[in-house]
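Q: I'd like to learn how to read a model like this one. Could you walk me through it, one feature at a time?

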Amino acid sequence: MAILVGEEGRLFTLQTADGTYQMYADEKNVLLHTYYGKKIETENMAELICRTDVGFAGNPPEAAGDRTYSLDCLPQELPSGGVGDYREECVCIKHADGSLAADFRFAGYEVRKGAYKLPGLPALYDGGQESDTLVITMREKASDVTAYLYYGVFERENVITRAVRVENNGDKEIVLERCLSACLDFQYGSYDFITFCGRHAMERVPERTAIGRTKLEIGSLRGTSSHQYNPAVICCEATAGEEHGDCYGLCLAYSGNFLACAQMDQRGQTRALMGIHPGRFSYLLKAGESFDAPQVILSYSDEGLTKLSHQYHRILRNHMCRGAYQHSKRPILINNWEATYFDFNGEKILNIARQAAELGIEMLVLDDGWFGKRDSDYSGLGDWYVNERKLGGSLAQLSGKIHDMGMKFGLWLEPEMISEDSDLYRRHPEWAVRIPGREPNRSRSQLVLDLSRGDVRDYLFETLSGLLREASVDYVKWDVNRSTCDVYSNALGRERMGEVSHRLILGMYELLERLLTAFPNLLLEGCSGGGGRFDAGMLYYAPQIWCSDNTDAVNRLQIQYGTSFFYPVSAVGSHVSAVPNHQTGRITSFATRGHVALAGSFGYELDLNKVTEEEKELVKQQVAQFHKYNSLTREGDYYRIQAPGGRFSAWEFVDEAKEHALLTLVMTSAEGNPFPVHIAAKGLDPEKQYRCSVNGQVHSGRTWMNAGLTLARVPGEYESVLIEWEV
Ligand code: GLA
């Protein structure tokens, strides 16, 4: 058991392979956070807390005049608002009398085998034996409100999860004004905050800032986790790097509005928080009702960022992703979007499929434009029936022909949206998210469909399941192409309007769950204008997510680098597209585009009619490379060798047995009279002998990792090199 309980049920030590997380319910029943870091025994680390009389830090009544005891200074598990902790809080409750206060105190605990579930929300799962759960009961001092703090311990993976359930056990209504899922208080040390920020077509670029007294905060109020800020952050020692230093990851398994922040308090302690964004959020709890805040996946590495990433890759691959494709090779796909945009017909699609099949591509994905009135992005969303005139027949006929070629058939959908110019909108204008009496904001000329409504979800389930069944669809690219605003639901009372954004996400999750239960072999690829909803929550439903609408191989180096800190390569949708690249105009070689796409689920997104015979030969070679390397890239350990921004960028995969490694290097700038390129491997077994594919030399792993190798020729700009080591 990884959960050790001491001091008569008041001291909780959560042990993972390399770390310890500890909390202690003190004599005033405040649940103190006493330690998180390198492994220790089960001694009570409350002794690390130094209490002094701090001016203007008030004292709760139980302190009985002891001015050294203040909630404003103590490290806590569930800091709550309005009762004397002036730092950022997890929970804030509005009571029936209008007061805003919450003071949760320890009231009991329960330890269980296996992972906990969260109703309607994604969460890490196990087979019932691979993890342990601790549930701590906290009671609000002056009302009948209970908070259950969930801790999941995945010992081997160095992962601890957190989630909160708030229950109103009283007979009066309360309103949750804020309910974040996790708080991490660091008593000592200086930390940096690493966030992953960006924009559409340039997602998840790391930004590293020292945490000081000025609050660092990122988040989303866009209704999706967003392109702009990813719901995964790292607090690490200021000196931490890829291979050294304490690193703490916080990764939210949620796809909607979120907040992550970090700040140092007046005494130099650091507090980091994560959860649903409290902005425009409130949640009414009538007597007996409860609210579940989504899961935060914490992980600690005592050896830098690489190890932290490996821990996240493993836990997400093994305990978040599900379904038939969780651990299996994904079909190499060809998507017609960049080949045709909206301008296609059935013949064009079949022509692409025919050529693709000859080259060894395994699935045709029919992107946007196949349904309703949809020859542009101004209309049609919501009308999920095929445009037979455009396709020259039914979807089942098209799919049948593609299946007859020995390929799988995939389809683009954007079910969470509605166009005003659609039959669905004409029939059900009340199903669109908009505020009565207020002209709504359009984005990509579309509105958001109200998935908080059961009737909308039923309609979508019926329509989509009919479609998937009839056309024997093997794969769905599930897109969502705008941010939400003008938030309102016609199905909810005014007192519940603060719940709508969250209920939209719950509705989306419920619909996906129903569809995946009905179609267990369906492969889902998440998408939101590329990587606008690339989060751990989506991975519960979709084992791969279109990483970015930017398919430029050089920009992808940056995007895929940032994505790699938390998300496994198996989750990264990545395609070879045409040049000049449609997003940047850049020209890179076919080979380089292939090498960059190999660090992902792999596929093509170009018009095969415009590909030369020579390039077609390259496609065949790339297909062969994909099959050769896929188990390595999909399930191997991923090492960031050289961050983008310098002369070249490089990354490496090493298989579990440490018998096979593949390093990819892409030159990103060229100079006259260039310096040589030197590179060293990582993650090899120091004792094993490896042959290197580029120079045929055999050396020990130790030598390849320490001395490395120098390329005989300096590659030119945008040229790439694959280096393989095999025992
Ligand atoms: C989004 C996706 C693209 C494509 C278009 C279709 O932008 O990210 O890949 O599917 O929608 O409209």
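Q: Let's begin with a helix. Is helix α10 (residues 553-563) largely enclosed by the rest of the structure or largely open, and why?

A: One thing to keep in mind is that this is a predicted model. For a helix, the general idea goes like this: an α-helix has 3.6 residues a turn, so residues three or four places apart point the same way. Now the case here: helix α10 is largely enclosed by the rest of the structure, because 10 of its 11 residues are buried. Among the buried ones are Ala-553, Val-554, Leu-557 and Ile-559. Asn-555, Arg-556 and Gln-560 are on that list too.

Q: Next, the domains. Which stretches of the chain does the domain assignment give?

A: The assignment gives domain 1 (3-319), domain 2 (333-635) and domain 3 (642-726). Let's stick with domain 1 and domain 2, whose C-alpha centres lie 34 Å apart.

Q: What area is buried between domain 1 and domain 2?

A: The general idea: the size of an interface is often given as the accessible area lost when the parts come together. Between domain 1 and domain 2 that comes to about 3,800 Å², with carbon and sulfur atoms giving 56% of the area. On the domain 1 side, Arg-204, Ser-255 and Arg-317 lose the most area to domain 2, and together they make up 16% of what that side buries. You can also look at contacts: 52 residues of domain 1 touch 46 residues of domain 2.

Q: How many salt bridges and how many residue pairs in polar contact are there between domain 1 and domain 2?

A: The count is 1 salt bridge, set against 30 residue pairs in polar contact. As for who supplies the domain 1 side, the elements that give two or more residues include β12 (202-210), β14 (232-237), β19 (290-301) and α1 (304-319). Helix α1 gives the most, with 6 residues. Sorted by character, the residues on that side of domain 1 split into 28 nonpolar, 15 polar and 9 charged.

Q: Is there one residue I could click on to see how a loop packs? Where does Thr-224 lie, say?

A: Thr-224 sits in the loop between β13 (216-220) and β14. Thr-224 counts as buried because its relative accessible area is 5%, under the 20% cut-off. Leave aside its neighbours within four places in sequence, and Thr-224 is in contact with Ser-255, Gly-256, Asn-257, Val-480, Gly-532 and Arg-533.

Q: Back to charges. How many salt bridges does the structure hold?

A: The structure holds 55. For each pair, check the distance and then how buried each partner is. Take Asp-103 and Lys-141, whose closest N and O atoms are 3.6 Å apart. This pair links distant parts of the chain, with Asp-103 in the loop between β5 (91-94) and β6 (104-113) and Lys-141 in the loop between β7 (132-140) and β8 (145-154), 38 residues apart. Asp-103 is buried at 9% relative accessible area, while Lys-141 is partly exposed at 40%.

Q: Are Asp-302 and Lys-307 buried or exposed?

A: Asp-302 is buried, with a relative accessible area of 17%, and Lys-307 is buried with a value of 17% as well. The two form a salt bridge, with 2.7 Å between the closest N and O atoms. For a mixed pair, try Asp-455 and Arg-453, which meet at 2.8 Å, N to O. There Asp-455 is partly exposed at 35%, and Arg-453 counts as buried at 11%. Salt bridges can also share partners: Asp-85, Arg-87, Asp-185, Asp-265 and Arg-271 are joined into one network that way.

Q: Last topic: the backbone. Which residues does a cis peptide bond join?

A: Val-579 and Pro-580, with omega at about -10°. Pro-580 lies in the loop between β29 (575-577) and α11 (590-597).

Q: And what is phi for Asn-158 and for Ser-226?

A: Asn-158 has a positive phi of about 60° although it is not a glycine. Asn-158 lies in the loop between β8 and β9 (159-168) and is buried, at 3% relative accessible area. Ser-226, another residue other than glycine, has a positive phi near 95°. Look for Ser-226 in the loop between β13 and β14, where it counts as buried at 2%.

Conventions:
Residues are numbered from 1 along each chain as its sequence is written. This is a predicted model: local features need pLDDT of at least 70, side-chain atom pairs count only at pLDDT 80 or more; totals for chains, interfaces and linings use all residues. Side-chain values use heavy atoms; hydrogens and water are left out. Domain bounds come from an automatic or database domain assignment. Contact means heavy atoms within 4.5 Å. Buried area is the accessible area (1.4 Å probe) that two parts lose on being put together, summed over both. A salt bridge is a side-chain nitrogen of Lys or Arg within 4 Å of a carboxyl oxygen of Asp or Glu. A polar contact is a pair of N or O atoms within 3.5 Å; within protein, one must be able to donate a hydrogen and the other to accept it, and residues adjacent in sequence count only if both atoms are side-chain atoms. Helices (H or I, at least four residues) and strands (E, at least two) are DSSP runs, numbered from the N terminus. Ala, Val, Leu, Ile, Met, Phe, Trp, Tyr, Cys and Pro count as nonpolar, Asp, Glu, Lys and Arg as charged, and the others, Gly among them, as polar. Buried means under 20% relative accessible area, exposed over 50%, partly exposed in between (1.4 Å probe, protein chains only).
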